[in-house]
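Hi,

Here's the structure I promised to pass on. Have a look at it first, and my notes on what turned up are underneath.

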Amino acid sequence: MAHTFLLEIGLEEIPAHVVTPSSQQLVQKVKNFLEAERLSFEEIKAYSTPRRLAVKVFGLADKQADIEEEAKGPAKKIALDAEGNWSKAAQGFSRGQGCTPDDIFFKELKGVEYAYVKKFIPGRLAKEVLADLKAVVMDLKFPTMMRWADNDFEYVRPIKWLVALLDDEVISFNVLDVETGRTTKGHRFLGETVTLAHADEYPASLESQKVIADAKKREALIVSQIEALAKANDWDIKVDPDLLEEVNNLVEYPTVFAGSFAAKYLAIPDEVLITSMKDHQRFFYVTDKDGKLLPNFVSVRNGDQEYLENVIAGNEKVLTARLEDAEFFYAEDQKQTIADYVERLKKVMFHDKIGTIYEKMERVSLIAEFLGEKLGLSETELADLKRASQIYKFDLVTGMVGEFAELQGVMGEIYARLQGENDAVATAMREEYMPISAEGKLPKTDVGAVLSVADKLDSIQAFFSAGMLPSGSNDPYALRRQALGIVRIAFAKDWALSAPLLRAAIEYAFEKRPDLYKNIAPVKNETPLRDFMIDRVHQLLNDEVRRDILETVIANKENPFVAERKAAQTLADHIEDETFKETIEALTRVGRLAAKMDKEQKGEVDPALFEDEAEQQLHQAVETVAKEFATADLEEKFMALQTLREPISQYFEKIMVMAEDEKIRANRLRELAKIADLTAVFGELDNLNIK
């Protein structure tokens with residue numbers, strides 16, 4: 001007989017951003033628990049609101065599956081004594097398995113006979129197994145944890161009630177002083193306590209008490225109400241997915257409503273209005289059919305239609321107060337020039353161990369100058385980059401950004417345009433912050449992209465030099481995200497950014513203005529910073545290619561990041577080729593021998609020292625490949641290296657590389673080193689799994 005099981009954890013209000021991942025975590029942990037306990041089921045459905053996390057298991061088996069297994073004991077020579085009697089080891093082994101020595105039989109494993117017994121383990125009843133779910137409830141992890149009362153136990157919020165029902169039977173366990181039962185709670189203000197006779201009654205019984213426990217159903221209801229409002233008023237309402245999820249996790253019984261604000265506030269930039277509504281008040285903004293912002297907003301109430309007009313009036317009042325502030329700051333900010341703001345940055349600390357924001361801008365300006373030239377920006381772009389790098393942080397000391405920190409960069413662009421800066425410079429003010437998240441939008445313009453890379457590089461270098469490296473999950477200055485942003489920009493722009501080039505940019509700035517590096521002079525050991533950047537390449541490519549290919553291409557830490565990605569893609573494209581294995585084996589053999597060459601043996605290959613035709617043939621083949629190698633793309637380079645497979649094979653059949661004659665040996669190693677240098681564009685081929 002199939003059963004239905006309900007587990008509900010009742011809590012004080014959970015932060016909205018925690019609800020969905022916590023619900024998903026609970027489903028996964030219950031699934032893992034049931035599978036580990038051999039308790040079969042058909043489906044697990046999640047339920048969640050700000051005050052509860054719940055799962056409902058459908059088609060749950062009566063009992064665990066019975067299992068029969070073989071338990072391995074001591075070797076036969078230990079299990080039997082010299083007379084062939086059972087030893088104490090054999091007796092102890094069988095007793096420990098709930099058997100007798102008569103149950104022992106022997107099986108050979110890797111040439112040795114061992115004692116075994118067959119064990120039959122009957123499955124426990126579902127209700128017995130489910131009592132162990134206490135561990136699952138207590139094992140949930142949250143980004144923010146708290147303690148309450150005198151407990152040492154930490155959880156996202158205090159547990160207020162627990163429901164555990166197998167059909168109509170309560171599964172008993174407790175967490176702290178909260179016992180499981182069949183009683184759940186309705187809406188905090190509109191509902192009452194609900195006693196569930198059967199697990200099947202959930203969530204219908206809650207809905208009668210103004211709680212829609214199904215998050216997807218709740219979300220669909222919000223969307224349908226928004227769409228109805230939009231249709232009735234001929235509006236366009238952008239339903240942002242992140243905002244929708246957040247709002248959905250703030251309510252248990254949603255009622256959508258519309259409010260308005262004075263049209264005069266439309267003179268404030270749209271970005272400010274949208275931020276005030278969306279980020280600060282969790283409102284959806286409204287536009288007409290042409291995309292023009294309207295003096296209206298849409299929000300969601302945690303309740304029904306009762307006294308809705310009071311709720312609307314209250315929300316309008318709160319929004320108006322915020323827009324009053326925005327209007328004031330917008331007007332006041334325009335009374336000063338960009339130069340005034342830049343001057344103020346001389347007194348604003350970026351970090352007490354690193355210096356002021358003004359000093360940071362001066363370092364970034366030099367780094368950007370170096371990178372802009374190396375990456376081939378035009379004279380016009382370089383001029384725009386220089387101007388942008390000299391002022392790009394000015395909006396940090398404006399009143400608007402002081403009140404609305406989310407608008408840093410955005411207000412820089414707006415104010416820059418108002419004060420006559422050209423489009424390229426103004427756009428760079430905003431793009432410098434991109435990407436603002438691991439998967440956020442990237443700069444579109446080359447000027448903005450270089451400025452973004454330069455700023456992020458300066459931050460990473462400064463914190464590394466000041467000894468403030470990320471450790472474990474601790475990354476207070478978001479250095480991993482900034483490094484990831486640099487690599488993503490390199491990929492998107494197809495720029496040859498590499499660890500050595502970034503290092504050279506820092507050294508260029510340091511040589512030009514060592515006074516800007518008083519406490520953060522570039523460290524002599526560049527390995528930590530270099531490896532930090534390569535780790536981000538690894539992170540981005542981890543899902544794109546096989547692990548051995550990834551380890552191969554990132555092993556050469558001198559290559560540009562984009563070249564490592566292209567090398568990985570090229571190897572992945574050819575790994576199924578018939579000749580791939582032989583090609584890689586030939587090239588890796590060359591690499592291993594070339595690594596034995598001493599520094600003093602380096603130099604040009606001398607054909608006069610060749611002793612066999614195979615040497616001449618390989619030399620000519622290498623010269624042919626090398627001639628066009630520098631200008632070829634990676635696909636062409638791989639195809640060219642494939643042509644060396646046969647000459648290399650013939651070479652090793654006839655030539656003893658490590659000849660006794662020192663000159664001949666060095667000459668042969670130089671030939672192989674030249675091939676190894678060519679293959680370096682693909683990393684360390686030894687890491688490839690070609691078995």
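Pro203 sits in the loop that connects strand 12 (193-195) with helix 6 (204-207); helices (H or I, at least four residues) and strands (E, at least two) are DSSP runs, numbered from the N terminus. The peptide bond leading into this proline from Tyr202 is cis, with omega near 15°. There's another cis bond from Met434 to Pro435, with omega near -10°, and Pro435 is in the loop between helix 16 and helix 17. While you're checking the backbone, look at Asp167 too: it isn't a glycine, yet it has a positive phi of about 60°. Asp167 belongs to the loop between strand 7 (159-166) and strand 8 (169-170).

Before you go further, some housekeeping. This is a predicted model, so to speak of local features we need pLDDT of at least 70, and side-chain atom pairs count only at pLDDT 80 or more, while totals for chains, interfaces and linings use all residues. Residues are numbered from 1 along each chain as its sequence is written, and side-chain values use heavy atoms, with hydrogens and water left out.

Now the overall picture. The protein chain has 27 helices and 18 strands. Its radius of gyration (taken over C-alpha atoms) is 34 Å, well over the 26 Å that the globule rule gives for 691 residues, so the chain is more spread out than a compact globule. That rule is 2.2 Å times the number of residues to the power 0.38. Along the principal axes, the C-alpha trace spans about 100 × 100 × 45 Å.

One sheet is worth a look. It is open, has four strands in the order 13-15-16-14, and its pairing is antiparallel; two strands pair if DSSP finds at least two bridges between them. Strand 13 (236-237) and strand 14 (254-260) are at the edges with a single partner strand each, so one side of each has no neighbour in the sheet. Strand 13 is joined to strand 15 (residues 284-287) by two bridges, and these strands run antiparallel. Ile237 has Val286 in strand 15 as its bridge partner. Lying across strand 14 and strand 16 (293-302) is helix 10 (residues 308-333), which runs at about 50° to strand 14. For that angle, axes are lines fitted to C-alpha atoms, for helices over the stretch in contact, and angles run from 0 to 180 degrees between N-to-C directions; contact means heavy atoms within 4.5 Å.

Then there's the empty space. On a 1 Å grid over the protein atoms alone, a cavity is a set of points where a 1.4 Å probe fits but cannot get out, and a pocket is an open set with protein on both sides within 12 Å along at least five of seven lines; lining residues have an atom within 4 Å of a point. Grid points are joined across faces, edges and corners, and a volume is the space filled by probe spheres set on the points.

The largest pocket has a volume of about 1700 Å³. It is lined by 46 residues, with Glu406, Gln408, Val410, Tyr433 and Ile436 nearest its centre. Helix 9 gives the most to this lining, with five residues. By class, the lining has 17 nonpolar, eight polar and 21 charged residues (Ala, Val, Leu, Ile, Met, Phe, Trp, Tyr, Cys and Pro count as nonpolar, Asp, Glu, Lys and Arg as charged, and the others, Gly among them, as polar).

The second largest pocket holds about 420 Å³. Among its 18 lining residues, Gly591, Ala676, Thr679, Gly683 and Glu684 are closest to the centre. Helix 23 (580-594) and helix 27 (662-679) each give two or more residues to the lining, and helix 23 has the largest share, five residues.

As for closed spaces, how many cavities of 30 Å³ or more does a search of the whole structure find? It finds three. About 70 Å³ lies in the largest cavity, which is lined by Ala499, Leu502, Arg503, Glu526, Leu529, Arg530 and Met533. Its lining has four nonpolar, no polar and three charged residues. The second largest cavity has about 60 Å³ of space, and helix 17 gives the most to its lining, with three residues. Among the residues lining this second cavity are Arg503, Glu526 and Leu529.

Over to you!
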